[in-house]
Amino acid sequence: MQPTTAWQAMAQRPVSFLTSSWPWRSLAYLSGGVVVGAAAVLVFALGLAAGLTLLVVLIGVAPLVGMVLVSTLVARVERRRLRLVDLDHLPDPHRAPDGRGLRAWTATRLKEQVTWRELMFTLLSAAALWWMDLMVLGFSFGIPATTIASTDRDTWPWTVFGAIVLLASPYTVTSWAGARAAMARTFLAPRDKELGEELREVRASQSRLLDSFDAERVRIERDLHDGAQQRLVSLGMTLGLMRLEVPEGSAQAELLTQAESQLSTAHQELRALIRGLNPPVLADHGLVAAIEDYAGRFPIPVTVDLQLPERLPRKLETTMYYLINEAMTNIAKHSGATSAQVRGRYHSDLLVLDITDDGQGGVDPEAGSGVTGLADRVTALDGRMRVSSPVGGPTLLHVEVPCRFA
């Protein structure tokens, strides 16, 4: 799986991380934080001076408006800078102003909770964060460089210490950059209630579609079981009665044998279809048992390692079953793999699922392959999916879905 944050890159590949672009991106992120924080301090100081000058006339409104303007601008810059160490897009949670002009814009902003979170983050950045950025950069690069440069016979232990600190600087810088980015995302990310009405409706529509698909799948399974399957059983009984009237070894007996063979094949296929639509083992025993049952009938060896504290909520359980089912079907059809693995864990209200195979790789999610349908299923559950599939393999499908047990 390709890392999406500097923290992930450092944790997943701590050695090859050193030769990647992530340490340099983290360095650029902290360096930019020093510049943005220092600029915020300067602007706040100038704004405070102007506010004190106009205090008698505007009764302190000018400083407040100025601080809102500065914090909104700083937040916009921070959301863009965040892409250096966190590739997940952070949308702008502000809504359009109720009117035109600075007065309408200010009135709208002052009514939004995100404005005050941005102001708190800007004040925190101006007061402390940029100093901490500067301290981390100085400790990681400035102090070791000065120590090494001033080497003599009496200070060589400090030179060794400086060299060690310098070698560890990519990890130090990236660790603080990741922590700072997580803090920025906490303050600047939109809350659910701040999402646009259109986006909320899209998510609600996705949830309704999942529910309707689930209900329709159950209805089709019931109709096939109670209708078509029973008719096939009845047809088999009719063929059996006909055989009693047909002499053994006759042409009609041969035709009856062929008909019974075709009927048996159709019955088996219909039974497999019904079991795939709504597998009884999923309803009775849960996701782990259902995947183990499916893996036991899979054409290539599959290792199943699913560890869940209890059964998942019904909608999530059903969706994850069909997601795994479809992913494994794609493996069997297109990958040329000789083995596969399904691994799942539950941690901190998050269901994490990894599906891997040793096939030929080269899966491109942007090319409209079957992976697109899987991504849609995950998105409908407010989750996210990542695919790592270099040419020659192996292929990793990584899924993270929010999950809370009742």
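How many of the 8 residues of β5 are buried? Keep that question in mind while you set up the view.

**Setting up**

You are looking at a predicted model, in which local features need pLDDT of at least 70 and side-chain atom pairs count only at pLDDT 80 or more, while totals for chains, interfaces and linings use all residues. Residues are numbered from 1 along each chain as its sequence is written, and side-chain values use heavy atoms, with hydrogens and water left out.

Start with the whole chain in cartoon. The chain holds 14 helices and 5 strands; these are DSSP runs numbered from the N terminus, H or I over at least four residues for helices and E over at least two for strands. Of its 406 residues, 38% count as buried (buried is under 20% relative accessible area, exposed over 50%, partly exposed in between, with a 1.4 Å probe and protein chains only). If you take contacts between residues at least 6 apart in sequence, 71% of them join residues at least 24 apart (a contact means heavy atoms within 4.5 Å).

**Stop 1: the sheet**

Now select the strands. They make an open sheet of 5 in the order β1-β2-β3-β5-β4, with mixed pairing; two strands pair if DSSP finds at least two bridges between them. β1 (302–307) and β4 (384–388) are the edge strands, and each has a single partner, so one side of each lacks a neighbour in the sheet. On average, neighbouring strands are turned by 10 degrees against each other, direction ignored.

Walk across from β1:

- β1 and β2 (residues 340–346) run parallel and are joined by 6 bridges; pick V304 and you will find V342 of β2 opposite.
- β2 and β3 run antiparallel, with 7 bridges; here R345 faces V352 in β3.
- β3 and β5 are also antiparallel, with 8 bridges. Show T356, which stands opposite L396, then L350, whose bridge partner in β5 is P402.
- β4 and β5 pair in the antiparallel sense over 5 bridges, and V387 has L397 as its bridge partner.

Before leaving, colour β5 by accessibility. Here is the answer to the opening question: β5 is mostly covered, with 7 of its 8 residues buried. Then follow the chain from β4 to β5: the two form a hairpin with 6 residues between them, and G392 in the turn has a positive phi of about 100 degrees.

**Stop 2: helix α13 over the sheet**

Select residues 314–335. This is α13, which lies across β1, β2, β3 (350–357) and β5 (395–402) and runs at about 15 degrees to β3. Axes here are lines fitted to C-alpha atoms, for helices over the stretch in contact, and angles run from 0 to 180 degrees between N-to-C directions.

**Stop 3: α13 with α14**

Add helix α14, residues 371–380, where V371, L374, V378 and A380 are buried. How do the axes of α13 and α14 cross? They come within 10 Å and cross at roughly 165 degrees, which makes the two helices roughly antiparallel (under 35 degrees counts as roughly parallel, over 145 as roughly antiparallel, 65 to 115 as roughly perpendicular and the rest as oblique).

Show side chains for T319, Y322, L323, E326, A327 and N330 of α13; they meet L374, R377 and V378 of α14. By class, this contact has 5 nonpolar, 2 polar and 2 charged residues (Ala, Val, Leu, Ile, Met, Phe, Trp, Tyr, Cys and Pro count as nonpolar, Asp, Glu, Lys and Arg as charged, and the others, Gly among them, as polar). Just after α14, click on D382 to see a positive phi of about 65 degrees.

**Stop 4: α12 with α13**

Finally, select α12, residues 287–296. It packs against α13 at an angle of about 20 degrees, with the axes 10 Å apart, and that makes the pair roughly parallel. On the α12 side are L287, A290, I291, Y294 and A295, which meet E317, M320, Y321, I324, N325, M328 and T329 in α13. The residues of this contact divide into 9 nonpolar, 2 polar and 1 charged.

End by centring on A290, which lies in α12. Is A290 buried or exposed? At 1% relative accessibility, A290 counts as buried. Leaving out residues up to four places away in sequence, A290 touches V281, L282 and Y321. For a last distance, draw a line from A290 to N325: they are 35 residues apart in sequence and 10.0 Å apart in space, C-alpha to C-alpha.
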